[in-house]
Amino acid sequence: MIYRFFLQIIKISLFFFFKKIVVSGKKNLLNNGPLIIVTNHPNTFMDPLIIVSIMKQQIGFLANAGIFLNSIITRIFSYFNVIPVFRKKDIAPGEKPNNKKSFLKCHEYLDKKGIILIFPEGNSYYELKLREIKTGTARIALSYESLKGYDENLKILPISLDYSDSIQFRSMVSVTIGKPFSIKKYKQLFLKDESTGVLALTETIRNELEKNIPNTANKKQEQFLLKSHKFYTTFNDPKTNLHLNPKQSLASRVQISKSLILLNKNNHNLYIDTEMKLNQFFEKLNEEKITPGFFTDKFLRKNSSLVFIGYLVKFILLAPIYLFGIVSNYIPYIFPSFIFKTLKLDIEYKTPTQMTVGLFTFPLFYWLEMKFIEYYLNIDLWGSWVFLIAFVISGYIAMYYWTELKRFKRIVHFYIFMKNDKKISISNLKNEILVNIEIAKANLKQ
């Protein structure tokens, strides 16, 4: 009962926090155990919440022992079937991690036809790539099947997470559910040599997760991928724009990452030249504080006078709602960010901190506003609910209004203050990159 209540709270919170969560492969979901879900881990506590939100059955978790801070937290985690796993950093120097009890608890939970969520990377960092996969998941799975005589048909379900920006409020998430697979084919390898069987299964887990997330070797490649993706979806395939088609846009990022790897291997000089020109292109845009969209044919064909008039009319009509939205939402909106900065947490904890704090600040502040309005305007309960709905809607309109104000500022700069030679320079770079893309496509087809 308590789990179901919190599950609804989680779903509501995720709905308001993320602009869109795109789930692919729902047909592959299994809601009966024994089952182990394996997922990449780019966004600390947000990752398990997203997985929980798409599952019908209650699931258990493997989590770092470091978050079991005291007996009260330990009891709460135990109620929600969170099983601690000890790493070297969680124990005293010189000691070796002993996870026999953790493995035993996993076996007991799976024995009850349970589902366990494991993050086989073992840690969470703000980056796109899949990090080293630890062998713990494979050891738990194979040791469980070994104890059961390989009769339980334990399955592993890979789920890949890809955030458009894992630390940004109102970002988007791609959740790709892979096909579940049995571990019975690793039986002979495990019986012959446990280490060989564990390593083989671990490699399979890596391959299954890596299919649906961008693959980069380092931060430099990651930046190249992000710029390539933004450029490609702006100029080559505008239908996959992140805000128009988040599912296709996030999927294209995976495909682009694979293409860049092949290009680097097959035509390194073209890879380097394209990377250099892309960096120059975005550096010039950043200098002018504008975006690639200003150099699309669609935007360049627009009449500047009509663009200005359209924005001014929009701002005048929406100004009262914007002001109401600012007054009613600014404090609960800004407070979660203030708490995150005050606590000086790692960047990976930004979104879970903001969502958790916002879960309390928004309802509390809305309640106080409703009481204030009831007292001074003497309205009834229905009137209060109308104001509550108005708070929420005006808050979204205020965010939209502020985004459009910033865009209008860039438009003014582009049309009035940006020098023509800068526009020509950026446009020439754009065309050179487009030529490189066509050459790269031809090379990759060979």
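**Reading a predicted model, one feature at a time**

Q: Let's start with a residue I've clicked on: at 44% relative accessibility, what does K211 count as?

A: K211 counts as partly exposed. The scale runs from buried (under 20% relative accessible area) through partly exposed to exposed (over 50%), with a 1.4 Å probe and protein chains only. Before going on, keep in mind that this is a predicted model, where local features need pLDDT of at least 70, side-chain atom pairs count only at pLDDT 80 or more, and totals for chains, interfaces and linings use all residues. Residues are numbered from 1 along each chain as its sequence is written, and side-chain values use heavy atoms, leaving out hydrogens and water.

Q: Which residue does K211 form a salt bridge with?

A: The general idea is that side chains of opposite charge can pair when their charged atoms come close. Here the cut-off is a side-chain nitrogen of Lys or Arg within 4 Å of a carboxyl oxygen of Asp or Glu. K211 is bridged to E208, and their closest N and O atoms are 3.2 Å apart. On the other side of that pair, E208 is buried at 19%.

Q: How many salt bridges does the structure hold?

A: There are 13 of them. Some join up: E121, E127 and R131 are linked in a network of salt bridges.

Q: What should I look for when a salt bridge sits inside a helix?

A: Check the spacing. An α-helix has 3.6 residues a turn, so residues three or four places apart point the same way. Helices here are DSSP runs (H or I, at least four residues), as are strands (E, at least two), numbered from the N terminus. In helix α7 (residues 194-210), E210 and R206 are 4 residues apart, about one turn. Their side chains meet in a salt bridge at 2.9 Å, N to O, and R206 is buried at 18%.

Q: How far apart, in residues, are E374 and K371 in helix α13?

A: They're 3 residues apart in α13 (residues 350-377), again about one helical turn. This salt bridge comes in at 3.7 Å, N to O. E374 counts as partly exposed at 22%, and K371 is partly exposed too, at 40%.

Q: How do I check the length of α10 against its end-to-end distance?

A: Take 1.5 Å times one less than the number of residues. The 21 residues of α10 should span 30 Å, and its end C-alpha atoms are 31 Å apart, so the two agree.

Q: Which residues of α10 are buried?

A: Among them are L270, Y271, T274, L278, F281, F282 and L285, and charged ones including E275, K277 and E288. Their cover includes α8 (219-236), α9 (246-266), α14 and α15 (420-445).

Q: What follows α10?

A: K289 does, with a positive phi near 60°, in a residue other than glycine. K289 lies in the loop between α10 (268-288) and α11 (297-300) and is exposed at 65%. N378 is another non-glycine with a positive phi, about 55°. N378 sits in the loop between α13 and α14 (381-417), where it is exposed at 69%.

Q: Where is the cis peptide bond to P34 placed?

A: Look at omega. From G33 to P34 the peptide bond is cis, with omega near 5°. P34 is in the loop between β1 (20-24) and β2 (35-39).

Q: Is β2 enclosed by the rest of the structure or open, and what does it pair with?

A: All 5 of the 5 residues of β2 are buried, so the strand is largely enclosed by the rest of the structure. L35, I37 and T39 point one way, I36 and V38 the other. Strands pair if DSSP finds at least two bridges between them. β2 runs parallel to β5 (residues 115-118) over 4 bridges, with I37 partnered by L117. β2 is also parallel to β6 (residues 155-163), over 5 bridges, and there I36 is partnered by I156.

Q: Which residues make the nonpolar surface patch?

A: I326, Y330, I331, Y333, I334, F335 and F338 make a patch of about 650 Å². I334, one of these, is in helix α12 (residues 304-343) and counts as partly exposed at 35%. Patch residues have over 30% relative accessible area and no salt bridge, with like charges joined within 9 Å and nonpolar side chains (Val, Leu, Ile, Met, Phe, Trp, Tyr) within 5 Å.

Technical notes
Contact = heavy atoms within 4.5 Å. Areas by Shrake-Rupley, 256 points an atom, 1.4 Å probe, with all protein chains shown as cover.
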